[in-house]
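Colleague: I'd like to hear how the terms in your notes are applied here. Could you take me through them?

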Amino acid sequence: MAEQQTLYAASLDDIRAAAERIRGHAHITPVLTSTTLDRLAGHKLKFKCEIFQKGGAFKFRGAFNSVQQLSPEQAEKGVVTHRQVLLCSGNHAAALALAAQLRGIPAYIVVPNNAPACKLAAVKEYGGSLILCEPTMAAREATAAKVAGETGATFVPPYDYGPVIAGQGTIGLELLQQVPELDVVVVPVSGGGMLSGITLAAKALKPGIVVIAAEPCGSNDAADVAASKRAGQLVTDLPKPVTIADGLQARLGQHTWPVVRDLVDGVVAISDAEIVAAMQLLFERMKLVVEPSGAAGLAAVLSKDFAAELAKARAHTAARAAGSDTAAAAAAAGSQLAGDGSHDQQQQLNVGVILCGGNLDFKDFWKLDNWQPAH
């Protein structure tokens with residue numbers, strides 16, 4: 001596996017080096033459990049709570065790892081990034097601003113001029129310099145390039161970048177240290193930085209582990225990762241998914257797609273209704289504040305499609321380990337393992353679920369008018 005990983009943007013050695021860089025700066029996030037959710041899922045769920053990471057999301061790991069690898073000359077000129085999609089959660093922007101602040105260097109964050117003020121508060125709090133532009137991808141890219149040209153700042157992409165992928169991969173290292181008996185890990189996917197990093201770490205440390213991506217299909221049925229896996233090539237002609245999971249609207253890149261193509265075992269596409277139901281369970285049963293993107297993993301596990309996708313993924317993993325990685329063999333074995341998807345027929349597995357972010361806007365929630373006194 002180590003030899004295979006040299007083909008990708010990050011290796012296990014890169015991820016281990018990232019773990020050393022972030023040690024003492026990023027939190028080692030806890031793994032929590034719930035017997036109620038285990039019963040609903042039919043598996044033993046292990047929730048990796050990146051909602052408790054600095055900045056409220058997993059993004060700090062990759063941002064800090066990237067900033068720490070800048071040379072002194074590069075660091076002096078700072079870093080720049082832009083929000084990849086119009087409704088992006090802004091977690092990377094805030095994480096990069098915080099990582100830059102901790103190193104004492106400038107961070108320039110390009111944002112669309114119609115971005116909600118609440119999305120920019122964390123960037124300002126962490127000392128980032130906000131640069132407004134028109135709300136188009138072309139404008140954001142051009143403005144970021146202009147800022148980089150004027151300041152000499154280094155552009156740090158949010159996901160399609162080796163140091164970011166390695167930083168996010170430290171989630172996988174930690175999770176397998178905390179739950180070495182893990183059989184499956186379910187990871188929300190957007191641009192694929194977190195999914196790629198976790199997959200590279202998990203497959204290197206435990207080749208038989210199954211990795212499943214959780215992807216919102218949106219109201220316009222635009223689940224591009226699932227479509228790309230089916231096609232065996234990167235699908236680029238689907239629109240951005242129209243979904244409440246605003247942090248999962250980016251697209252796979254040239255560095256993340258090869259990992260997803262080769263090593264990710266399955267994709268479960270989920271609806272917004274399933275995401276909301278998962279958020280409600282996490283709020284009410286586990287008392288956890290999780291944003292829609294962060295709840296995608298649980299939504300996938302509770303989806304009606306999960307049992308069949310898991311069976312196919314396990315068959316695919318077994319076939320690959322046996323040197324018979326053919327679609328026909330995996331499909332045949334998957335159909336035998338899937339049964340009718342009922343919990344009675346399922347083998348209970350240890351399933352890691354990444355709760356990747358908890359940044360929600362509660363502005364209206366706290367209005368006194370929303371609360372009625374008890375009588």
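Modeller: Gladly, starting with residue classes: Ala, Val, Leu, Ile, Met, Phe, Trp, Tyr, Cys and Pro count as nonpolar, Asp, Glu, Lys and Arg as charged, and the others, Gly among them, as polar. By class, the lining of the second largest pocket has 6 nonpolar, 5 polar and 4 charged residues. This is a predicted model, in which local features need pLDDT of at least 70 and side-chain atom pairs count only at pLDDT 80 or more, while totals for chains, interfaces and linings use all residues. Residues are numbered from 1 along each chain as its sequence is written, and side-chain values use heavy atoms, with hydrogens and water left out.

Colleague: What makes a set of grid points a pocket and not a cavity?

Modeller: On a 1 Å grid over the protein atoms alone, a pocket is an open set with protein on both sides within 12 Å along at least five of seven lines, whereas in a cavity a 1.4 Å probe fits but cannot get out. Lining residues have an atom within 4 Å of a point. The second largest pocket has 15 lining residues, with Ala19, Arg23, Ile28, Glu174 and Gln177 nearest its centre. Helix H2 (12–22) and helix H9 (162–178) each give two or more residues to that lining, and H9 gives the most, with 5. Helices (H or I, at least four residues) and strands (E, at least two) are DSSP runs, numbered from the N terminus; the protein has 16 helices and 10 strands.

Colleague: How do you know the volume of the second largest pocket, and how many cavities are there?

Modeller: Grid points are joined across faces, edges and corners, and a volume is the space filled by probe spheres set on the points. That gives about 300 Å³ for the second largest pocket. There are 2 cavities of 30 Å³ or more, and the second largest has a volume of about 30 Å³. Its lining is Lys54, Gly55, Ala57, Lys59, Phe60, Asn91, Ala94 and Ala95. H6 provides the largest share, 3 residues. By the classes above, the lining divides into 4 nonpolar, 2 polar and 2 charged residues.

Colleague: Why is strand S9 described as largely enclosed?

Modeller: Buried means under 20% relative accessible area, exposed over 50%, partly exposed in between (1.4 Å probe, protein chains only). In strand S9 (residues 266–270), 4 of the 5 residues are buried, so the strand is largely enclosed by the rest of the structure. Of the 375 residues of the protein, 54% count as buried.

Colleague: What makes S8 and S9 a pair?

Modeller: Two strands pair if DSSP finds at least two bridges between them. Strand S8 (residues 210–216) and S9 run parallel and are joined by 5 bridges, so they meet the rule. Glu215 stands opposite Ala269 in S9. Elsewhere, an open sheet of 4 strands has the order S5-S4-S3-S6, with parallel pairing. Strand S5 (129–133) and strand S6 (154–155) stand at its edges, each with a single partner strand, so one side of each lacks a neighbour in the sheet.

Colleague: Why is the largest core called nonpolar?

Modeller: Because a nonpolar core is a set of buried Ala, Val, Leu, Ile, Met, Phe, Trp, Tyr and Cys residues joined through side-chain atoms within 4.5 Å. The largest has 36 residues, and Leu45, Phe47, Val186, Ile212, Leu282 and Leu355 have the most contacts inside it. Helix H13 (residues 272–286) gives the most to this core, with 6 residues. Contact means heavy atoms within 4.5 Å; beyond four places in sequence, the contacts of Leu282 include Leu37, Phe47, Val290 and Leu355.
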